[in-house]
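Visitor: I have a model open in front of me and I'd like to learn how to read it. Could you walk me through a few features?

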Amino acid sequence: MDLQPIQMDTWARREHFAHYFSQVPCGYSMTVKLDITPIVEGGKKLYPTMLYLIARAVNRYPEFRMGFDGDGTLGVYGTVHPCYTVFHKDSETFSNIWTEYTEDYEAFCRAWREDMERYGDNHAMMAKPGVPDNTFPVSMVPWESFDGFHLSLKNGYSYLPPIFTMGRYQREGGRCMLPLSVQVNHAVCDGFHVCRLIAALKEMLAGGEKIPLAKDAPV
């Protein structure tokens, strides 16, 4: 899992981490609307494409790849993978499946399809076994759009990975707008870091990262 320890004595954020982790433990969420018109009009599958884009943005920045080892030492994972929810209509419950992240969009989508084919009908809460520590959660509420979404963590704020929740997209002014909520632990990142992550997502969706979202790119 390649967790590289943080050198606390030289870490620029050590005071901020101590303040928001121990003295004033808290998290916060931010909800934005993303223009996913290129995905919709390009005929791409929305869920795996957004999983890929979110994972690509998350893996770019160390503040979203942080965790603790078995001894409680804070560190940064080299790579983190999305762990996402799948809804079961018959039981009205959900399961979690994780897919290994790769920068290759087509390879990631193939891995996602394989995971869905193998584990998608498993109604266990953790449908795919062997969930590694270096994952972050993503879920989707496709039945309704929203302007805000917040999870209340009742057992404190020691959970460091970002939590992403997508809603139902709506057409606004001819564009397809998807609500996305990002919830983070304030100990590891501030508003600046979340805004930078969102900016990266917007750049990818706009084609600045040359992500293959056009109709001729297989999914």
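**Reading loops, helix pairs and buried side chains**

Guide: Let's start with E92, which sits in the loop between β5 (81-88) and β6 (93-98). Keep in mind that this is a predicted model.

Visitor: What is phi of E92 near?

Guide: First the general idea: most residues other than glycine have a negative phi. Now the case here: phi of E92 is near 55°, a positive value in a residue other than glycine.

Visitor: Is E92 buried or exposed?

Guide: Exposed, because its relative accessibility is 66% and the cut-off for exposed is over 50%.

Visitor: On to helices. How do I describe two that pack together?

Guide: With two values: packed helices are described by the angle between their axes and the distance between the axes. Take α3 (residues 46-60) and α4 (residues 105-119): their axes come within 10 Å and cross at roughly 125°. That makes α3 oblique to α4, and the crossing is right-handed.

Visitor: Which residues of α3 and α4 make the contact?

Guide: On the α3 side, look for P48, T49, L51 and Y52; on the α4 side, Y105, F108, C109 and W112. Sorted by character, the residues of this contact come out as seven nonpolar, one polar and no charged.

Visitor: I also clicked on E106. Where is its place?

Guide: E106 is in helix α4. It counts as partly exposed because its relative accessible area is 32%, which falls between the 20% and 50% cut-offs. For a link back to α3, compare positions: E106 and T49 are 57 residues apart in sequence, with 9.6 Å between their C-alpha atoms.

Visitor: At what angle do α3 and α5 pack?

Guide: About 135°, with the axes of α3 and α5 (residues 191-205) 9 Å apart. So α3 is oblique to α5, and this crossing is right-handed.

Visitor: Which residues in α3 and α5 meet?

Guide: From α3 you have M50, L53, I54, R56, A57, V58 and R60, and they meet L197, A200, L201, E203, M204 and L205 in α5. The split for this contact is 10 nonpolar, no polar and three charged.

Visitor: Let's try a strand. Is Q183 buried or exposed?

Guide: Q183 is found in strand β10 (residues 175-185). It is buried, because its relative accessible area is 7% and buried means under 20%.

Visitor: With which side chain does the side chain of Q183 make a polar contact?

Guide: With the side chain of H150, at 3.2 Å. To see the surroundings, leave out residues up to four places away in sequence: Q183 then touches Y28, S29, H150, L151, L153, P161, P162 and I163.

Visitor: N185 is found in β10 too. Is N185 buried or exposed?

Guide: Buried, because its relative accessible area is 2%. The side chain of N185 reaches the backbone oxygen of Y159 at 3.1 Å. Not counting residues up to four places away in sequence, N185 touches C26, G27, Y157, S158, Y159 and L160.

Visitor: S158 is one of those contacts. Where does S158 lie?

Guide: In the loop between β7 (135-141) and β8 (163-167). S158 counts as partly exposed because its relative accessibility is 45%. Apart from residues up to four places away in sequence, S158 touches F21, F68 and N185.

Visitor: How do I compare separation along the chain with separation in space?

Guide: Set the two numbers side by side for a pair of residues. P25 and S158 are 133 residues apart in sequence, and their C-alpha atoms are 8.2 Å apart in space. For S158 and N59, the spacing is 99 residues along the chain and 20 Å between C-alpha atoms.

Visitor: And P25 itself: which residues is P25 in contact with?

Guide: With H19, Y20 and Y157, leaving aside neighbours within four places in sequence. P25 lies in the loop between α1 (14-23) and β2 (27-35), and it is partly exposed because its relative accessible area is 39%. Y157 is worth selecting on your screen, since it also appears among the residues that N185 touches.

Key:
Residues numbered from 1 in each chain as written. Predicted model: local features only at pLDDT ≥ 70, side-chain atom pairs only at ≥ 80, totals over all residues. Heavy atoms only, no water. Helix = DSSP H or I, 4+ residues; strand = E, 2+ residues; numbered from the N terminus. Buried < 20%, exposed > 50% of the residue type's maximum accessible area, 1.4 Å probe, protein only. Axes fitted to C-alpha atoms, helices over the stretch in contact; angles between N-to-C directions. Parallel < 35°, antiparallel > 145°, perpendicular 65-115°, else oblique. Left-handed = near helix turned anticlockwise from the far one by under 90°. Contact = heavy atoms within 4.5 Å. Nonpolar A, V, L, I, M, F, W, Y, C, P; charged D, E, K, R; others polar. Polar contact = N/O pair within 3.5 Å; in protein donor to acceptor, adjacent residues only side chain to side chain.
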